[in-house]
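Here are some worked exercises to help you find your way around a new structure. Try each task on the model first, then read the solution step by step.

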Amino acid sequence: MRLAKTGIGWLVVFFIGMFGVGCANPTVVPLYESPTPERITQSPLVEAFPTAVPSTPTLEVIQPEPLQPALPSYSIDAVYDAAQKKVNVTQLITFTPPSTKPIHEITLIAEPNRYTNGFVLSRLENQATGQELDWELQGNRLKIGLADPLTDQQSLTILAEYTLQLPEIPPPSDTSKPQIFGYTQRQTNLVDWYLWLPPYEDEAGWVIHPPSFFGEYTVYPMADFEVHFEVINSPRQVIVAATSSPVEQTQNEWKYRLDSARNFALSVSADFQVAETEVEGVKISSYYFPLYKRQGEAVLQHTVQAYQLYSELFGELPRSSISAVQADFMDGMEFDGLFFLSKGFYDLYDGTDRGYLTLITVHETAHQWWYTVVANDQAQHPWLDEALCTYAERLYYERFLSESVEWWWYYRVNFYQPTGVIDLSVYDYKGYLAYRDAVYLRGALFLEELRKELGDEPFFAGLKNYYTENMGKIAVPQDFFGAFDLTEQVVLEKWGSYFGREQ
Ligand SMILES: [Zn+2]
């Protein structure tokens, strides 16, 4: 990374690498022997049909809501050999077909297979029958053919055993996308590391996008997680940052349970130091490397304040922990309950809030609302989360650092004189800068215009509506505009230039 540049020069360099150029019990029984019970997603029937007979016969028949299918559940038993950089995984994947039509083929996402020898599958079977399943690996896809198609409400549990050979995270380069998954000398990151189910649409089937050079391309339906993680052969005691706090923990084993989550990420290091606090029952932690205490504490403070602000402005966050992790690579990246911040931001921190450490901390915190709770198809409509999180930076500065709002607009947005249509897919932009300018920067300008046009009260009410109405879902732009009572026609009339429809 060309850090020698000064002033605005390094701003340019930095943005290029910033957003994913693209963001126990030792005798515990293996989790696969005790699958999670199905998640109940509606109120118990007793609430709909009270047993007490009313004294006056005011008969009102309350129809129960139709049963929602249970979320997919992943029970993952993983042993990380820190010396070999290998993870042995036994995983149970339980799901009910998300379609009324028979399903002949299941496609699971196997991101580690994108790396050489990254993913070696040794067992794949129907857990109930013990029957081996037919499978084929193609890039990041594991296709499973079903001799007997699955029909509505017929759940299936797949037992998979595989080994991950972790790749080394390469030093930053101008020609390749920063890599998060893998290890460095002082950090191991497990992100998108297990088998998971993409969304399913009746017409399109399994929704999987090809990897993109910049921007994200994964789409995460909610799922329930049980993760048992063990570290062996580590010469030093490690600290583990994860999507959620462990429910059980010993020196080398961690057991997690988290329902309704987008994904489950882990970051392991023997060098981590931790600053943490609890706010309204939510544990907020900042993991940093030695000699970065000042930065680690600044990250904690801004994450706490951002959490409080966004809870007030957007809505309550159904999470019990948020972890900010100093990345041992030059990138920032969001996951459910956990985000990475480029080590470059820690190095450049000058003790003021006019810099990327502050700005990106509050950006990544906002992803817990826009990405985690309200998700979007990151490949097709990346602006839905990125524009909102960039605008959330502005809201943060407005509330806590009002003397720096103008600085923020200039250095973050207007300096670049951003152009471009904001709602294109990640594959449609000609390079990272064009993508960033349109999606993040013009996206924020569009939200500012929307706010000015509507007025503060309707604007913030609209954001809250969008959040509340789309919790747990994968939202599309129509959901966003609908939350503000705007039709597509009105949006195009007023703000057509942002959407490539100059009137
Ligand atoms: Zn972002």
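**Exercise 1.** Find the residues that P199 touches, not counting residues up to four places away in sequence.

*Solution.* Step 1: look for contacts, that is, pairs of residues whose C-beta atoms, placed from the backbone, lie within 7 Å. P199 touches V207, V219, P221 and I474 under that rule. Before going on, note that this is a predicted model, in which local features need pLDDT of at least 70, side-chain atom pairs count only at pLDDT 80 or more, and totals for chains, interfaces and linings use all residues. Residue numbers start from 1 along each chain as its sequence is written.

Step 2: place P199 in the chain. The residue lies in the loop between strand 9 (188-190) and strand 10 (200-201). Helices (H or I, at least four residues) and strands (E, at least two) are DSSP runs, numbered from the N terminus.

Step 3: judge the exposure of P199. A residue is buried if 20 or more other C-beta atoms lie within 10 Å of its own, exposed if 12 or fewer, and partly exposed in between, with C-beta atoms placed from the backbone. P199 has 17 C-beta neighbours inside 10 Å, so this residue counts as partly exposed.

Step 4: check a distant pair. P199 and D377 are 178 residues apart in sequence, while their C-alpha atoms are 9.8 Å apart in space.

**Exercise 2.** Work out in which order the four strands of the open sheet that includes strand 9 are arranged.

*Solution.* Step 1: find the pairs, remembering that two strands pair if DSSP finds at least two bridges between them. The order is 8-9-16-13, with antiparallel pairing.

Step 2: identify the edges. Strand 8 (182-183) and strand 13 (239-242) each have a single partner strand, so one side of each is left without a neighbour in the sheet.

Step 3: zoom in on one pair. Strand 9 and strand 16 (residues 266-269) run antiparallel and are joined by three bridges. N189 stands opposite S267 in strand 16.

**Exercise 3.** Find what pairs with strand 7 (residues 156-165), beginning with strand 2 (residues 86-95).

*Solution.* Step 1: strand 2 and strand 7 pair in the antiparallel sense over 10 bridges. Here F95 stands opposite L156.

Step 2: strand 4 (residues 119-126) also pairs with strand 7 in the antiparallel sense, over seven bridges. N126 stands opposite I158 in this pairing.

**Exercise 4.** Which strands stand at the edges of the open sheet with the order 3-6-5?

*Solution.* Step 1: the sheet has three strands, and their pairing is antiparallel. Its edge strands are strand 3 and strand 5 (134-138), each pairing on one side only.

Step 2: look at strand 3 and strand 6 (residues 141-150), which are joined by six bridges and run antiparallel. I103 has L150 as its bridge partner in strand 6.

**Exercise 5.** Decide how helix 6 (residues 383-400) and helix 7 (residues 405-413) are placed against each other.

*Solution.* Step 1: fit the axes as lines to C-alpha atoms over the stretch in contact, taking angles from 0 to 180 degrees between N-to-C directions. The two helices pack at an angle of about 155 degrees, and their axes are 9 Å apart.

Step 2: name the arrangement. Angles under 35 degrees count as roughly parallel, over 145 as roughly antiparallel, 65 to 115 as roughly perpendicular and the rest as oblique. Helix 6 is therefore roughly antiparallel to helix 7.

Step 3: list the residues in contact. E393, R394, Y397 and E398 of helix 6 meet V405, W408 and R412 of helix 7.

**Exercise 6.** Is R442 buried or exposed?

*Solution.* Step 1: locate R442, which is in helix 8 (residues 432-454).

Step 2: count neighbours. R442 counts as buried because 23 C-beta neighbours lie inside 10 Å.

Step 3: list its contacts. Leaving aside neighbours within four places in sequence, R442 is in contact with P418, G420, I422, D437 and Y498.

**Exercise 7.** How many residues of helix 5 (residues 356-366) are buried?

*Solution.* Step 1: apply the burial rule to the helix. The count is 11 of its 11 residues, and helix 5 is mostly covered.

Step 2: set this beside the protein chain, where buried residues make up 42% of the 503 residues.

Terms used
Two residues are in contact if their C-beta atoms, placed from the backbone, lie within 7 Å.
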